[in-house]
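Please examine the structure below with attention to its backbone geometry, its helix packing and its internal spaces. The paragraphs that follow take these topics in turn.

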Amino acid sequence: MNYDAALDAALNRLHEEGRYRTFIDIERRRGQFPHAVWKKPDGTEQDITVWCGNDYLGMGQHPVVLEAMHKALEDTGAGSGGTRNISGTTVYHKELEAELSDLHQKEAALLFTSAYIANDATLSTLPKLFPGLIIYSDALNHASMIEGVRRNGGAKRIFRHNDVAHLRELLEADDPEAPKLIAFESIYSMDGDFGPIGEICDLAAEFGALTYLDEVHAVGMYGPRGAGVAERDNLMHRIDIINGTLGKAFGVHGGYIAASEKMCDAVRSYAPGFIFTTSLPPVVAAGAAASVRHLKTDQALRDLHQERAKVLKLRLKGMGLPIIDHGTHIVPVMVGDPVHTKKISDMLLSDYGIYVQPINFPTVPRGTERLRFTPSPVHDPKMLDGLVWAMDALWNHCALNRAEMSA
């Protein structure tokens, strides 16, 4: 086989479809986020504003987080030096797990190197713990959940997105004695819609199923202490396993599950993705613990975040742009074509210093390509004005070009 030719063909397909992904090299400047510097391929630099980051609250720049990380670095050095089982469990890891279990009002929490690994490792391990387990998974669950369900070797059922009636049909069709688990999300990141947590919990209780809730795009931002949508809706006690991230609203890195002491102990003991992975560096764990602890009491930051998102959505709607608004902080602007999505993204960056990454297939279905804006409390009104003006100019420009191409 000509391996180079096969690679060329695979990459050319992406170019032809207009969905080849390019990485934008940026350098965040401490204390200035969402401002950053774009390091161009030609060696020059351009000041930009990041509008697509997942550091939703700007905690990656917060003095409380930086101070904790500096202290841990001075006290312990860089890496953890091993897996959690072999010298890689430190006081910082235990402190962070305690903060997370307290946040979600669970008996325990278990750290992973990312929320992707937490989902994959946990969902692929559960059938070992519950032989014959059937997992019911929302059709729009994150790739990490899909991978974990796929790899577990057990039975799986896919229910239509947020369709509780379809979920009921699937539950009714299976053996009532079989162990069951329903896996879903609180906020789906591409459309920004909420999962029907209460209704799913009702079905889980009726059919004797465990509940697995991914709160990755909600932790830190929703609920009176930032524990997520389940906390906001007083439903945390009805969720058996909560998955979360430390790399989005908490501004650092890593992932976790929060559950009963027995559940975390069993996953810890059986999941290869936990057992054989070097643990998070202590400096990262220290910063994450400081962030979680701080956000338990900073409701003002959460309120400002929601206000910024609401204002951006109102202004884009006022311009007639096709946005999706389900009441969350995520602001998708639908373009519907990969080439035009990339073109608008490129022009925003080069002409206006606004960085928003195009979202194409397979992240979203073909024909639903979009620009996904994530306003934060540190995006001030002047930045918002600049984004709205740029989108107004470019949207009209690209609309005229599309009309000319189809004429």
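Ser-87 lies in the loop that runs between α2 and α3. In this predicted model, its phi is near 70 degrees, a positive value in a residue that is not glycine. Two further backbone features involve proline. The peptide bond from Phe-33 to Pro-34 is cis, with omega near 15 degrees, and Pro-34 sits in the loop between β1 (26-28) and β2 (35-39). A cis peptide bond also leads from Phe-361 to Pro-362, here with omega near 10 degrees. The loop that holds Pro-362 connects β15 (358-359) and β16 (370-373).

The helices on either side of the Ser-87 loop, α2 and α3, can next be followed to their packing against α11. Two packed helices are described by the angle between their axes and the distance between the axes. For helix α2 (residues 63-76) and α11, the angle is about 150 degrees and the axes are 8 Å apart. The two helices are therefore roughly antiparallel to each other, the limit for that description being an angle over 145 degrees. Their crossing is right-handed. On the α2 side the contact involves Val-64, Val-65, Ala-68, Met-69, Ala-72, Leu-73 and Thr-76, which meet Pro-282, Val-283, Val-284, Ala-286, Gly-287, Ala-290, Ser-291 and His-294 of α11. By class, this contact comprises 11 nonpolar and 4 polar residues, with no charged ones.

How do α3 and helix α11 (residues 282-295) cross, and within what distance do their axes come? The axes come within 8 Å and cross at roughly 25 degrees, which makes α3 roughly parallel to α11. This crossing is left-handed. From α3, the contact draws on Tyr-92, His-93, Glu-95, Leu-96, Glu-99, Leu-100 and Leu-103, while α11 contributes Pro-282, Ala-285, Ala-286, Ala-288, Ala-289, Val-292 and Arg-293. The contact of α3 with α11 has 10 nonpolar, 1 polar and 3 charged residues. Pro-282 and Ala-286 of α11 thus appear in the contact with α2 and in the contact with α3.

Attention can now turn to the spaces between the atoms. The second largest pocket has a volume of about 330 Å³. Its lining has 17 residues, of which Arg-84, Lys-94, Glu-97, Leu-110 and Arg-268 are the closest to the centre. Two or more lining residues come from each of α3 (91-103), β4 (108-112), α9 (261-270) and α10 (272-275). The lining divides into 7 nonpolar, 3 polar and 7 charged residues.

How many cavities of 30 Å³ or more does a search of the whole structure find? The search finds 2. The largest cavity has a volume of about 90 Å³ and is lined by Arg-84, His-93, Leu-111, Phe-112, Thr-113, Gly-273, Phe-274, Thr-277, Thr-278, Ser-279 and Leu-280. At least two of these lining residues are supplied by each of β4 and α10. By class, the lining of the largest cavity has 4 nonpolar, 6 polar and 1 charged. Arg-84 lines this cavity and is also among the residues closest to the centre of the second largest pocket.

The second largest cavity has a volume of about 40 Å³. Thr-22, Ile-24, Lys-342, Ser-345, Asp-346, Leu-349, Tyr-355, Gln-357 and Pro-358 form its lining. Helix α13 (residues 338-352) gives the most to this lining, with 4 residues. The lining residues divide into 4 nonpolar, 3 polar and 2 charged.

Note on methods
Residues are numbered from 1 along each chain as its sequence is written. This is a predicted model: local features need pLDDT of at least 70, side-chain atom pairs count only at pLDDT 80 or more; totals for chains, interfaces and linings use all residues. Side-chain values use heavy atoms; hydrogens and water are left out. On a 1 Å grid over the protein atoms alone, a cavity is a set of points where a 1.4 Å probe fits but cannot get out, and a pocket is an open set with protein on both sides within 12 Å along at least five of seven lines; lining residues have an atom within 4 Å of a point. Grid points are joined across faces, edges and corners, and a volume is the space filled by probe spheres set on the points. Ala, Val, Leu, Ile, Met, Phe, Trp, Tyr, Cys and Pro count as nonpolar, Asp, Glu, Lys and Arg as charged, and the others, Gly among them, as polar. Axes are lines fitted to C-alpha atoms, for helices over the stretch in contact, and angles run from 0 to 180 degrees between N-to-C directions. Angles under 35 degrees count as roughly parallel, over 145 as roughly antiparallel, 65 to 115 as roughly perpendicular and the rest as oblique. A crossing is left-handed if the near helix is turned anticlockwise from the far one by less than a right angle, and right-handed if clockwise. Contact means heavy atoms within 4.5 Å.
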